[in-house]
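Dear colleague,

Please find below the structure that I am handing over to you, together with its sequence. My findings follow directly after it.

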Amino acid sequence: QVQLQESGPGLVKPSQTLSLTCTVSGGSITTSYYYWSWIRQPPGKGLEWMGAIAYDGSTYYSPSLKSHTSISRDTSKNQFSLQLSSVTPEDTAVYYCARAEGAAPYDYWGQGTQVTVSS
């Protein structure tokens with residue numbers, strides 16, 4: 001059973017960098033052909049895909065967020081991370097990490113973590 005768990009601060013000040021980590025258990029983030037994504041849901045809005053890191057370390061980003069988003073991984077800890085720079089209150093959302101095999105639907109999700117951007 002694969003489990004994903006998001007972690008990071010729940011409150012970030014405007015203009016700072018939001019950093020979250022997803023810890024994966026029950027499966028390796030380097031196993032072909034899985035893609036590990038960050039997805040968020042602002043209050044009252046739908047899910048927004050932010051980006052992903054693939055089993056081989058390749059990264060993919062939403063065009064609308066690419067300029068201030070970075071996804072990386074630590075294979076020794078079986079973790080992948082999100083950094084979102086220059087945040088504004090519009091980045092307030094529940095942030096999820098999730099797994100998909102290729103183009104298949106996501107099969108495992110983290111429980112989500114609330115991040116509020118406020119001074």
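The chain is built from 11 strands and zero helices, so that, read from the N terminus, its elements run β-β-β-β-β-β-β-β-β-β-β. Please bear in mind that this is a predicted model.

Overall dimensions

The radius of gyration is 13 Å, which agrees with the value near 14 Å that a compact globule of 119 residues would have. Along the principal axes, the C-alpha atoms fill a box of roughly 40 × 30 × 25 Å. Of the 119 residues, 39% count as buried. The accessible surface amounts to about 6,100 Å², and carbon and sulfur atoms contribute 48% of that area. Among contacts with a separation of 6 or more, 54% are between residues 24 or more positions apart.

The four-stranded sheet

One open sheet consists of four strands in the order β1-β3-β8-β7, with antiparallel pairing. Its edges are formed by β1 (3–7) and β7 (69–74); each has a single partner strand, so one side of each is left without a neighbour in the sheet. From one strand to the next, the twist averages 20°.

At one edge, β1 pairs with β3 (residues 18–25) in the antiparallel sense, over five bridges. Within this pairing, Gln5 has Thr23 of β3 as its bridge partner. At the other edge, β7 and β8 are joined by six bridges, again in the antiparallel sense; here Thr69 is matched with Leu84 of β8. β7 and β8 also form a hairpin with four residues between them, and Asn78 in the turn has a positive phi of about 55°.

Asp91 and its surroundings

I would also draw your attention to one loop residue. Asp91 is located in the loop between β8 (79–84) and β9 (93–101). Is this residue, Asp91, buried or exposed? With a relative accessible area of 5%, Asp91 is buried, because the cut-off for that class is under 20%.

Leaving aside residues up to four places away in sequence, Asp91 touches Arg40, His68, Leu84, Ser86, Val115 and Val117. Leu84 is thus both a contact of Asp91 and the bridge partner of Thr69. The C-alpha atoms of Asp91 and Thr116 are separated by 7.5 Å, although the two residues are 25 residues apart along the chain.

With kind regards

How values were computed:
Residues numbered from 1 in each chain as written. Predicted model: local features only at pLDDT ≥ 70, side-chain atom pairs only at ≥ 80, totals over all residues. Heavy atoms only, no water. Helix = DSSP H or I, 4+ residues; strand = E, 2+ residues; numbered from the N terminus. Buried < 20%, exposed > 50% of the residue type's maximum accessible area, 1.4 Å probe, protein only. Contact = heavy atoms within 4.5 Å. Pairing = 2+ DSSP bridges. Axes fitted to C-alpha atoms, helices over the stretch in contact; angles between N-to-C directions. Rg over C-alpha atoms; globule rule 2.2 N^0.38 Å. Areas by Shrake-Rupley, 256 points an atom, 1.4 Å probe, with all protein chains shown as cover.
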